[in-house]
Amino acid sequence: MDLNAIQNHTFAPVEQSYTARDTMLYALGLGYGSDPLDTEQLAFVYEDGLKAVPSLVNVLAHPGFWAKDPKFGIDWVRLLHGEQSFVLHRALPTEGTVRGEYSVDAVEDMGADKGAKLYQTKKLYDTATGDLVATVLSTLFMRGDGGQGGYGKVPPQPEALPDAAPDAIVEIPTLPQQALIYRLSGDYNPIHADPAPAKKAGFPAPILHGLCSLGIATRAILQACADNDPARLKSLSLRFSRPVFPGETLAVEIFRTGSEVQFRCKVPARDTIVLDRGRAEIA
């Protein structure tokens, strides 16, 4: 890993226009519309009174797989998405043009045998108004790049969940073709579609995108804690723990503490936690 190249790299801003169709396609990728008689779900996939799922900010104006560039010397084959968070500074329009401005704020060296963590920030602006719409933070776990130093201020680690029974559980099934729908929102990594690359990466079958699982958790929080009103969700963060396979049912366990919500996500059929240390702020 070339730490100087990472620290001194300047990202070109990424501009993206998106339409109501893109907003609806993203929601379909999260499983909205599974009950055609549920008007709460319909509001996210139908143009009459359309709402944008707040987690859409994660996929807009994406910089691409920049870590694969040889100049950074990153062992990108062993790279994993470790954590993700977003803060909404204003409601996300259902269509428009946005600009993403990126920076790598810190690299945390955890040791030669433990890898390193890279902390990336995206500032998402509405180009029509100049307003800051969202701040999105991504933590990349570089399993093959430990013991090579670091820089910057490492953000606080997410808190563990309470040792108690959840206040609510929301179960959301995924479709066998869920990843094939979700990838149309921009992440075309073949491990989510093609069995051969998935097996080469160590998975028995294509896996669901981590950000799709995050979007499904966002859907559960909106349903259980915010009356399906996107404007009430102010922030959300979580840690990716294990992969999800399309067709599995996700159970989001929710712990309420005033305006703050903690949560995790399990696959009951495997008794496995796939998203952990989740936290959301509800207005």
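This is a short chat about a predicted model, covering one helix, two backbone angles, a pocket and a buried valine.

Reader: Let's start with helix α6. Where is it, and how many residues has it got?

Author: Helix α6 covers residues 210-225, which makes 16 residues.

Reader: What span should I expect for α6, and what does the model give?

Author: At 1.5 Å a residue, α6 should span 22 Å. Its end C-alpha atoms are 22 Å apart, so the two agree.

Reader: Is α6 largely enclosed or largely open?

Author: Largely enclosed by the rest of the structure, because 13 of its 16 residues are buried.

Reader: What comes just after α6?

Author: Asp227 does, and it takes a positive phi of about 50°. Asp227 is in the loop between α6 and β7, the strand at 233-240.

Reader: Why point out a positive phi?

Author: Most residues other than glycine have a negative phi. Asp227 is not a glycine, yet its phi is positive.

Reader: Is Asp227 buried or exposed?

Author: Exposed. The relative accessible area of Asp227 is 62%, and exposed means over 50%.

Reader: What about Arg277, what is its phi?

Author: Near 55°, again a positive value in a residue other than glycine. Arg277 is found in strand β10, residues 272-282. Arg277 is partly exposed, with a relative accessible area of 26%.

Reader: Switching to pockets. What is the volume of the second largest pocket?

Author: About 660 Å³. There are 30 residues lining that pocket, and the closest to its centre are Ser85, Leu137, Pro155, Pro156 and Ser237.

Reader: Which strands supply at least two residues of that lining?

Author: β2 (79-88), β4 (116-126), β5 (132-142), β7, β9 (260-267) and β10 each do.

Reader: And how do the lining residues of the second largest pocket divide by type?

Author: Into 11 nonpolar, 11 polar and eight charged.

Reader: Last topic, Val57. Where is it?

Author: Val57 is in the loop between α3 (39-42) and β2.

Reader: Buried or exposed?

Author: Val57 is buried, with a relative accessible area of 0%.

Reader: What does Val57 touch?

Author: Leaving out residues up to four places away in sequence, Val57 touches Phe86, Leu88, Leu92, Lys122, Leu124, Ala134 and Val136.

Reader: And what separates Val57 from Ile172?

Author: Their C-alpha atoms are separated by 21 Å, and the two residues are 115 residues apart along the chain.

Technical notes:
Residues numbered from 1 in each chain as written. Predicted model: local features only at pLDDT ≥ 70, side-chain atom pairs only at ≥ 80, totals over all residues. Heavy atoms only, no water. Helix = DSSP H or I, 4+ residues; strand = E, 2+ residues; numbered from the N terminus. Expected span 1.5 Å × (residues − 1). Buried < 20%, exposed > 50% of the residue type's maximum accessible area, 1.4 Å probe, protein only. 1 Å grid on protein atoms, 1.4 Å probe; cavity = no way out; pocket = protein on both sides within 12 Å on 5 of 7 lines; lining within 4 Å. Points joined across faces, edges and corners; volume = space filled by probe spheres on them. Nonpolar A, V, L, I, M, F, W, Y, C, P; charged D, E, K, R; others polar. Contact = heavy atoms within 4.5 Å.
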